[in-house]
Amino acid sequence: SDVYKRQVHGGNEMKGSMLNSLPTVNQREPTKLDEVEGSFVVVLYTMYPTIISVALKLFKCSEIDSYSGESYLSFQPDILCWDGSHLFLVLTTGVPSLLIWGVGFPMFWLYFSHRVHKREDKNVSVIGKFMDFYSKECYFWEAIVYFEKLIVMGITVAIYEFDMDAKVIVVVSTLSVFYFLQLRFLPIIFADMNRLESYSFLVAIFTITVGNVSIEPSNSAAVRILLQTVIRIFNYVFFIYWTSKFISSLLGEKILQNAYVKKVLEKVRTYINKKRKTFSLRRPNLMKTKLQ
């Protein structure tokens with residue numbers, strides 16, 4: 001398949017900058033619609049997790065009084081859940097936010113990515129630039145990423161009152177589904193980025209699972225510290241690996257090809273060569289002085 005060929009051609013390490021490897025397409029002048037679409041996408045792209053997080057907080061209730069069975073809003077314990085003001089907030093803010101932003105934005109992305117996919121001048125569109133990182137078969141994958149965030153965040157709220165072991169099973173199972181989807185489709189056109197995406201799922205699953213084991217009451221203090229240390233090391237190693245790959249693959253050659261950076265490097269090189277020549281001229285005189 002095209003995905004397999006792309007992965008094999010890319011090899012284990014990418015040969016050159018990711019940005020330089022992006023496919024080239026025909027260009028046209030951006031229209032007003034492109035500019036509005038771009039601004040809208042950028043704003044929603046940055047605000048999406050915050051909007052969903054705030055909306056889901058309205059559904060997160062805790063049972064404070066076990067005798068009465070009444071639940072109260074977790075971030076505002078004086079508000080009784082599903083009654084009066086809370087029900088008003090849920091119906092006027094929570095549900096519309098989840099429908100319009102939570103579900104609406106990924107559907108918007110699916111629609112526009114399909115529309116942009118049919119055009120040859122997709123680099124004019126902001127969505128088209130995002131699509132450049134995905135294979136032709138998976139041009140819609142960014143919408144899948146949004147649905148993944150929505151589902152995982154929604155599940156954590158829905159099972160908020162569940163037993164901790166049940167929470168871990170549900171969340172790990174959900175992440176495992178998206179992990180296998182990532183392995184199955186390899187949506188990103190760069191082998192290293194697909195590998196990083198897969199590793200991120202494994203790190204999340206490992207952190208949640210081992211973290212749950214570490215807080216078991218039967219564990220001694222030494223065992224808890226050991227498990228928490230292992231989790232930290234695992235995450236630090238992944239972060240360092242991710243950072244190194246990001247810098248080398250995404251920015252490495254692009255920075256060196258920048259005209260301003262080239263000019264600065266040329267000045268540094270000239271300065272070093274001048275100092276080296278100066279030192280070479282002075283060295284014989286220093287040798288003579290020492291001999292005398």
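This text leads the reader through the nonpolar cores and the internal cavity of the structure. The model is predicted, and residues are numbered from 1 along each chain.

The largest nonpolar core is a suitable place to begin. This core consists of 14 residues, and those with the most contacts inside it are Y48, I52, L98 and F105. Three elements each give two or more residues to this core: α3, which spans 32-57, α4, which spans 85-117, and α6, which spans 141-158. Apart from this core lies another, made up of 11 residues. Among the members of that other core are I159, V168, V171 and F178.

One residue of the largest core, Y48, may be followed further. When its neighbours within four places in sequence are left aside, Y48 is in contact with W101, G102, F105, P106, Y146, K149 and L150.

Attention may now turn to empty space. Rolling a probe the size of a water molecule over the atoms reveals where such space is left. In this structure there is 1 cavity of 30 Å³ or more, and the largest cavity has a volume of about 50 Å³. Its lining is formed by W141, I144, V145, E148, F178, Q182, E197 and F201. The elements that give two or more residues to this lining are α6, α7 (164-185) and α8 (191-214). Of these, α6 gives the most, with 4 residues. By chemical character, the lining of the largest cavity comprises 5 nonpolar residues, 1 polar residue and 2 charged residues.

Two residues and elements deserve a second look. F178 belongs to the core of 11 residues, and F178 also lines the largest cavity. The helix α6 gives two or more residues to the largest core and 4 residues to the lining of the largest cavity.

Methods. Predicted model: local features only at pLDDT ≥ 70, side-chain atom pairs only at ≥ 80, totals over all residues. Heavy atoms only, no water. Core = buried A, V, L, I, M, F, W, Y, C linked by side-chain atoms within 4.5 Å. Buried < 20%, exposed > 50% of the residue type's maximum accessible area, 1.4 Å probe, protein only. Contact = heavy atoms within 4.5 Å. 1 Å grid on protein atoms, 1.4 Å probe; cavity = no way out; pocket = protein on both sides within 12 Å on 5 of 7 lines; lining within 4 Å. Points joined across faces, edges and corners; volume = space filled by probe spheres on them. Nonpolar A, V, L, I, M, F, W, Y, C, P; charged D, E, K, R; others polar.
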